[in-house]
Amino acid sequence: LIVGGGLAGTATAFSLAEKGIRSTLVEQGSSLSPPTGSSNGDSRMYRKMYSSEFFSKMQAQALDRWKDVERKSGIKLLQENGLLF
């Protein structure tokens, strides 16, 4: 049983399904990835550099995972635009 259909909940359900493990995901809202979620919306920023090597490695793995989910779903999910500051 997975409680919450936000980023963590849907990622967990997806990962379990890839491993052939059935799960049930419950969400209190009317849809997955609720519009009130902090990671929902058309515009989000992420960084590739962190002061901690651990987080830098996790970010690289996360970007690889985004590409993997896009390939498996056939849906473009991440539009990279770049940023200078």
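Modeller: A surface patch is made of residues with over 30% relative accessible area and no salt bridge, in which like charges are joined within 9 Å and nonpolar side chains (Val, Leu, Ile, Met, Phe, Trp, Tyr) within 5 Å. A salt bridge is a side-chain nitrogen of Lys or Arg within 4 Å of a carboxyl oxygen of Asp or Glu. This is a predicted model, where local features need pLDDT of at least 70, side-chain atom pairs count only at pLDDT 80 or more, and totals for chains, interfaces and linings use all residues. Residues are numbered from 1 along each chain as its sequence is written, and side-chain values use heavy atoms, leaving out hydrogens and water.

Colleague: Which residues form the nonpolar patch on the surface?

Modeller: Leu7, Trp66, Ile75 and Leu77 form it, with about 380 Å² of accessible area together (Shrake-Rupley method, 1.4 Å probe, only the protein chains shown counting as cover for residues).

Colleague: Is isoleucine 75 buried or exposed?

Modeller: Isoleucine 75 is partly exposed, at 48% relative accessible area; buried means under 20%, exposed over 50%, and partly exposed in between (1.4 Å probe, protein chains only). Isoleucine 75 lies in the segment after α2.

Colleague: What follows α2 directly?

Modeller: Glycine 74 follows α2, and its phi is positive, near 75 degrees. Helices are DSSP runs (H or I, at least four residues), numbered from the N terminus.

Colleague: And which residues of α2 are buried?

Modeller: Gln59, Leu63, Asp68, Val69 and Glu70 are. Their cover includes α1 (7–18).

Colleague: What is glutamine 59 in contact with?

Modeller: Beyond its neighbours within four places in sequence, glutamine 59 is in contact (heavy atoms within 4.5 Å) with Tyr46, Arg47, Lys48 and Tyr50. Its relative accessible area is 12%.

How values were computed: Helices (H or I, at least four residues) and strands (E, at least two) are DSSP runs, numbered from the N terminus.
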